[in-house]
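Trainee: Could you take me on a close look at a single spot in this chain, and then show me how the rest is built around it? I'd like to follow along on the screen.

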Amino acid sequence: MKNYIQRGDTLTVAAPGAVKSGEFVQVGRIRGVAVTDADSGADVELCTTGVYLLEKLGSEAFASVGLPVYVVLASNGVKKVTTASTTANVLIGINLTISGAVAGFIEVKLMPSASNQTATAVT
């Protein structure tokens with residue numbers, strides 16, 4: 001195929017703020033986990049697929065596997081924490097580990113970001 005560019009699992013974007021490797025980042029509708037550290041405006045590689053260990057709010061519990069996971073973003077697009085709350089947050093994937101309402105990390109399977117799904121209640 002002459003028009004093939006790349007797989008798209010990892011994309012290079014301008015960092016929306018100072019980014020640390022492993023942080024969740026959103027640039028427009030592109031969402032992913034930073035491969036390396038980057039200064040604001042510098043190129044950063046984002047992995048847009050896969051399973052990642054992401055920090056979660058201590059007040060959030062994930063009682064079973066397969067629940068929607070949302071992210072609370074800073075105004076510059078850099079991830080703050082994951083949450084089970086739909087209120088004004090962005091759906092990023094599903095959890096693969098159970099966790100009580102304590103500070104820590106959960107495994108998250110990322111969803112494709114092009115859909116730009118916003119928080120909706122899942123029943």
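Mentor: Happy to! Leaving aside residues up to four places away in sequence, serine 21 touches Ala34, Val35, Thr36 and Asp37. Keep in mind as we go that this is a predicted model. One of those neighbours also offers a polar partner: a polar atom of the serine 21 side chain lies 2.9 Å from the backbone oxygen of valine 35. Valine 33 is twelve residues away from serine 21 in sequence, and the two C-alpha atoms are 7.6 Å apart in space.

Where does serine 21 sit along the chain? You'll find serine 21 in the loop between β1 (10–14) and β2 (24–27). Its relative accessibility is 44%, so serine 21 counts as partly exposed.

Now let's step inwards. The largest nonpolar core has 13 residues, and Phe24, Leu54, Ile92 and Val108 are those with the most contacts inside it. At least two residues of this core come from each of β5 (51–56), β6 (68–73), β8 (90–95) and β9 (104–110). The largest share, three residues, is supplied by β9. Another core, of eight residues, lies apart from it and includes Ala15, Val19, Val25 and Ala34. Ala34, you may recall, is one of the residues that serine 21 touches. As a rule, nonpolar side chains in soluble globular proteins tend to be buried together.

Strand β5 deserves a look of its own. Its side chains alternate: Tyr52, Leu54 and Lys56 point to one face and are buried, whereas Val51, Leu53 and Glu55 point to the other face and are not buried. That fits the general pattern, since side chains in a regular strand alternate between the two faces of the sheet. β5 and β9 run antiparallel and are joined by six bridges. Within β9, glutamate 107 is the bridge partner of leucine 53.

Zooming out, the chain has nine strands and zero helices. Of its 123 residues, 34% count as buried. Among contacts with a separation of 6 or more, 56% link residues 24 or more positions apart.

How far can you lean on each part? The average pLDDT is 83, and 86% of the residues score at least 70. Confidence is highest in β4 (residues 43–47), at a mean of 95, and lowest among the strands in β7 (residues 79–83), at 70. Over residues 118–123 the pLDDT is below 50, and this stretch has nine contacts in the model beyond near neighbours in sequence.

Definitions and conventions:
Residues are numbered from 1 along each chain as its sequence is written. This is a predicted model: local features need pLDDT of at least 70, side-chain atom pairs count only at pLDDT 80 or more; totals for chains, interfaces and linings use all residues. Side-chain values use heavy atoms; hydrogens and water are left out. A nonpolar core is a set of buried Ala, Val, Leu, Ile, Met, Phe, Trp, Tyr and Cys residues joined through side-chain atoms within 4.5 Å. Buried means under 20% relative accessible area, exposed over 50%, partly exposed in between (1.4 Å probe, protein chains only). Helices (H or I, at least four residues) and strands (E, at least two) are DSSP runs, numbered from the N terminus. Two strands pair if DSSP finds at least two bridges between them. Contact means heavy atoms within 4.5 Å. pLDDT is the predictor's confidence in each residue, from 0 to 100. A polar contact is a pair of N or O atoms within 3.5 Å; within protein, one must be able to donate a hydrogen and the other to accept it, and residues adjacent in sequence count only if both atoms are side-chain atoms.
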